Amino acid sequence: MDGWMEGPLTSVAYGWRLERADGVTLGFTSHDADVAHDGILLRASPGMQPTTVLQSAGLDKDGLDVSGALTSDDIRADDLAAGRWDGAYLEIFLFDWTAPEAGKRVLAAGELGAVSFTDDAFTAELIGLQARLDKAVAPQTSPTCRARFCDAACGLNSARFQHLAKVASYDDNRISITAPLAIADGYLAYGQLRWLSGPNCGSTVKIAHHAGTEIYAYSAPFHVPKTGDLIALTQGCDKRMSTCAERFGNGANFRGEPYLPGNDLLTRYPGGN
């Protein structure tokens with residue numbers, strides 16, 4: 001037990017550390033005044049409260065919910081709806097607000113899961129680190145590649161397949177750019193569009209298809225784009241062996257079994273077709 005948690009009277013407060021995928025890091029505390037802790041200013045937010053935190057030595061799931069009021073411009077409803085906080089790292093801890101340098105006691109840590117909100121309040125699910133134990137120990141076989149395009153298993157460098165462009169016009173999930181790209185039509189399919197400026201800056205969306213200066217996304221951006229907004233377009237891969245070998249010359253790193261007999265082989269019987 002930490003020494004500052006012992007005694008008849010304590011000065012303990014909750015602390016939150018949130019790190020978004022784009023690098024934005026925020027801190028909050030249940031104390032009624034801002035506190036500098038571990039190099040981050042924890043802003044007073046008494047309305048933020050976690051549900052019951054259950055700690056054990058076993059391997060049970062350690063998920064919990066975090067709820068609070070949107071009393072700060074740091075967490076806005078439109079950012080939550082746009083998915084900017086999806087997958088963010090969250091750490092909940094206790095600390096002594098009279099001596100923040102004394103350390104902390106971490107209660108829970110993990111990634112933010114489903115986020116929902118109504119009016120000026122939000123609720124977020126915390127997916128604990130123990131949830132990783134639910135993943136399969138060995139990868140399942142598949143005819144298509146299991147690697148994510150340009151990840152460590154794929155081995156390709158995403159910078160080779162990224163293109164910068166500017167928005168010329170916009171209509172729902174169709175985005176027109178000012179000039180065609182120096183790639184064949186369709187090469188952006190299964191890829192990603194990342195907004196580098198404008199109201200959607202920092203958010204991403206998957207690309208369904210592209211032809212000439214027309215790009216079709218799987219979903220419309222949360223905010224209406226503006227003419228001249230800068231975007232980064234990353235090519236995609238359909239995860240087929242032929243695409244990996246012929247288009248990318250990366251067949252040696254293909255993470256799939258395209259020639260492995262499937263379940264249809266088990267259903268065959270003598271005399272059948």
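Two strands pair if DSSP finds at least two bridges between them. Keep that in mind as you click around, and remember that this is a predicted model.

**Stop 1: a hairpin early in the chain**

Select residues 35-37, which make up strand β3, together with β4; the two run antiparallel and are joined by 3 bridges, so they pass the cut-off of at least two. To see one pairing up close, pick V35 and look across to L42 in β4, which stands opposite. Now go to the turn: this hairpin has 2 residues between its strands, and D38 takes a positive phi near 55° there.

Next, add residues 25-29, strand β2. Its partner is again β4 (residues 40-44), but here the pairing is in the parallel sense, over 2 bridges. Select T29 and you'll find its bridge partner, A44, in β4.

**Stop 2: the barrel**

Colour β10 to β15 and trace the order β10-β11-β14-β13-β12-β15: this is a closed barrel of 6 strands with antiparallel pairing. On average, neighbouring strands of this sheet are turned by 45° against each other, direction ignored.

Walk round part of it, strand by strand:

- Take β12 (residues 192-195) and β15 (residues 230-234), an antiparallel pair held by 4 bridges. W195 is a handy marker, with I231 of β15 as its bridge partner.
- From β12, step to β13 (residues 204-211), antiparallel again and joined by 3 bridges. Here L193 has V205 in β13 as its bridge partner.
- Carry on from β13 to β14 (residues 214-217), where 4 bridges join the antiparallel strands. Show I207 and its bridge partner in β14, A217.
- Finish at the turn between β13 and β14. This hairpin has 2 residues between the strands, and G212 takes a positive phi near 65°.

**Stop 3: the aromatic pairs**

How many aromatic pairs does a search of the whole structure find? There are 5. Start with F93 and F95: their ring centres are 5.9 Å apart and their planes sit at 55°, so the pair counts as tilted. Are F93 and F95 buried or exposed? Both are buried.

Then show F149 and F248. The centres of these rings are 5.1 Å apart with planes at 50°, so this pair is tilted too. Zoom out to see how the pair links distant parts of the chain: F149 is in the loop between β9 (121-128) and β10 (162-171), while F248 is in the segment after α2 (241-247), 99 residues apart. Both F149 and F248 are buried. Add F161 to the selection and you have one aromatic cluster, made up of F149, F161 and F248.

**Stop 4: the empty spaces**

Keep F149 displayed and turn on a surface. The largest pocket holds about 380 Å³ of space. It is lined by 16 residues, and those nearest its centre are R148, F149, Q192, K206 and T234. Sort that lining by class and you get 4 nonpolar, 7 polar and 5 charged residues.

Now look for enclosed space: a search of the whole structure finds 4 cavities of 30 Å³ or more. The largest cavity has about 110 Å³. Which residues are closest to its centre? Of the 13 that line it, they are C145, F149, C154, C237 and C244. By class, this cavity's lining has 9 nonpolar, 2 polar and 2 charged residues.

End the tour on F149, which is among the residues nearest the centre of the largest pocket and also among those closest to the centre of the largest cavity.

Key: Residues are numbered from 1 along each chain as its sequence is written. This is a predicted model: local features need pLDDT of at least 70, side-chain atom pairs count only at pLDDT 80 or more; totals for chains, interfaces and linings use all residues. Side-chain values use heavy atoms; hydrogens and water are left out. Axes are lines fitted to C-alpha atoms, for helices over the stretch in contact, and angles run from 0 to 180 degrees between N-to-C directions. On a 1 Å grid over the protein atoms alone, a cavity is a set of points where a 1.4 Å probe fits but cannot get out, and a pocket is an open set with protein on both sides within 12 Å along at least five of seven lines; lining residues have an atom within 4 Å of a point. Grid points are joined across faces, edges and corners, and a volume is the space filled by probe spheres set on the points. Ala, Val, Leu, Ile, Met, Phe, Trp, Tyr, Cys and Pro count as nonpolar, Asp, Glu, Lys and Arg as charged, and the others, Gly among them, as polar. Rings of Phe, Tyr and Trp (its six-membered ring) pair if their centres lie within 6.5 Å; planes under 30 degrees apart count as stacked, over 60 as edge-to-face and the rest as tilted. Buried means under 20% relative accessible area, exposed over 50%, partly exposed in between (1.4 Å probe, protein chains only).
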